[in-house]
Amino acid sequence: MQVNNQTNKTDVAYNQLERMIIFRELTPGSMVSEKQLAESLELGRTPVREALQRLSYERMVEIHARRGIQIPLISVESQLKILEIRRDIEALCVKYAATRASIPEKQEMQRLALSLQECAEQKDDYQYADLLKQTHKLLVSAAQNEYLQLAMAPLQGLSRRFWFAFKNDASDLKQGAALHSAVLKAVCHTDVEEAIAASHQLNDYLTDVAYRAIKSR
């Protein structure tokens with residue numbers, strides 16, 4: 001029971017810290033301490049430390065011995081490098097998901113496709129971020145290859161943070177929702193070619209947002 005409780009607290013710490021990083025409640029480039037974060041979340045040091053280890057693997061934080069925890073800067077150059085790698089890995093993920101997804105997984109994809117578009121209409125950034133994460137996790141799960149999860153995890157969190165930092169509130173929410181929904185629907189229809197094409201269209205759009213950020217400097 002204690003192990004489960006500790007695991008739950010670690011998950012709570014991880015989810016809260018990830019959200020704080022994505023929405024820049026923890027300032028990019030800043031240094032924070034494990035103690036500060038534990039006090040902020042009203043959690044013990046152990047679950048926070050374990051959550052930080054997970055976030056470090058995903059490149060969402062940088063852990064410096066005796067100095068503290070650094071929140072990575074937001075970088076257009078880094079985002080373009082992430083998208084360069086994510087393009088082919090995500091296409092591989094949806095290819096496998098389209099042929100391996102179970103009926104319950106496809107039903108959940110249909111629900112998420114609808115929820116993303118409804119959320120975009122409501123302009124709820126926080127719920128949209130949660131739905132995006134669910135979408136990414138479900139597609140990886142449906143692909144039935146645990147090594148894809150290892151490859152995808154470091155590419156998605158920082159990519160989401162960049163997008164929320166530079167998106168146009170209404171238009172990008174709707175466009176992002178439509179593109180993610182197209183991927184989910186293609187996978188549901190077991191259409192490998194369409195799923196890969198939809199994945200590439202999503203990556204093209206995210207790349208355009210990155211270049212738009214350069215122009216806005």
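Colleague: How do you know that Glu-34 forms a salt bridge with Arg-49?

Modeller: In this predicted model, the closest N and O atoms of Glu-34 and Arg-49 are 2.8 Å apart, and the cut-off asks for a side-chain nitrogen of Lys or Arg within 4 Å of a carboxyl oxygen of Asp or Glu, so the pair is called a salt bridge. Glu-34 belongs to helix α2 (residues 34–41) and Arg-49 to helix α3 (residues 45–57), and the two residues, 15 residues apart, link distant parts of the chain.

Colleague: Why is Glu-34 called buried, and why is Arg-49 called partly exposed?

Modeller: Glu-34 has a relative accessible area of 16%, and buried means under 20%, so the word applies to Glu-34. Arg-49 has a relative accessible area of 37%, which lies between the 20% limit for buried and the 50% limit for exposed, and therefore Arg-49 counts as partly exposed.

Colleague: What makes Asp-204 and Arg-87 a salt bridge?

Modeller: The side chains of Asp-204 and Arg-87 meet at 2.8 Å, N to O, and this value is within the 4 Å that the rule allows, so the pair qualifies. Distant parts of the chain are linked here too, since Asp-204 is in helix α9 (residues 192–215) and Arg-87 is in helix α4, 117 residues apart. Asp-204 has 38% relative accessibility and Arg-87 has 26%; partly exposed covers what is neither under 20% nor over 50%, so Asp-204 takes that name, and so does Arg-87.

Colleague: How do you know that Lys-174 forms a salt bridge with Glu-121?

Modeller: The closest N and O atoms of Lys-174 and Glu-121 are 4.0 Å apart, and because the rule accepts a separation within 4 Å, the pair is counted as a salt bridge. Lys-174 is part of helix α8 and Glu-121 is part of helix α5 (residues 103–122), so this pair ties together parts that are 53 residues apart in sequence. Lys-174 counts as partly exposed at 42% relative accessibility, whereas Glu-121, with a relative accessible area of 53%, is exposed, because exposed means over 50%.

Colleague: How many salt bridges does the rule give, and which residues are linked in a network?

Modeller: The count comes to 12 salt bridges, and a network of salt bridges links Glu-18, Lys-133 and Arg-160.

Colleague: What lines the largest cavity?

Modeller: The lining of the largest cavity is made of Arg-86, Leu-132, His-136, Ser-159, Arg-160, Trp-163, His-180 and Leu-206. Helices α6 (125–143) and α7 are the elements that give two or more residues to this lining, and α7 gives the most, with three residues. By class, the lining has three nonpolar, three polar and two charged residues, and the volume of this cavity is about 70 Å³.

Colleague: How many cavities of 30 Å³ or more does the structure hold, and what lines the second largest cavity?

Modeller: The structure holds two cavities of 30 Å³ or more, and the second largest contains about 40 Å³ of space. Its lining consists of Glu-90, Thr-135, His-136, Leu-139, His-180, Val-183, Leu-184 and Leu-202, with at least two residues supplied by each of α6 and α8 (169–188). Four of these lining residues are nonpolar, three are polar and one is charged.

Colleague: Which residues are the closest to the centre of the largest pocket?

Modeller: The largest pocket holds about 320 Å³ of space, and of the 15 residues that line this pocket, Arg-59, Pro-72, Ser-78, Ile-82 and Leu-158 are the closest to its centre. Helix α7 gives the most to the pocket lining, with five residues, and the lining as a whole has nine nonpolar, three polar and three charged residues.

Colleague: Why is Tyr-147 called exposed?

Modeller: Tyr-147 has a relative accessible area of 58%, and a value over 50% is called exposed, so the word fits. Tyr-147 is placed in helix α7 (residues 146–166), and together with Tyr-57 and Leu-150 this residue forms a nonpolar patch on the surface, the three having about 360 Å² of accessible area together.

Terms used: Residues numbered from 1 in each chain as written. Predicted model: local features only at pLDDT ≥ 70, side-chain atom pairs only at ≥ 80, totals over all residues. Heavy atoms only, no water. Patch = residues over 30% accessible without salt bridge, like charges linked within 9 Å, V, L, I, M, F, W, Y side chains within 5 Å. Areas by Shrake-Rupley, 256 points an atom, 1.4 Å probe, with all protein chains shown as cover. Helix = DSSP H or I, 4+ residues; strand = E, 2+ residues; numbered from the N terminus. Buried < 20%, exposed > 50% of the residue type's maximum accessible area, 1.4 Å probe, protein only. 1 Å grid on protein atoms, 1.4 Å probe; cavity = no way out; pocket = protein on both sides within 12 Å on 5 of 7 lines; lining within 4 Å. Points joined across faces, edges and corners; volume = space filled by probe spheres on them. Nonpolar A, V, L, I, M, F, W, Y, C, P; charged D, E, K, R; others polar.
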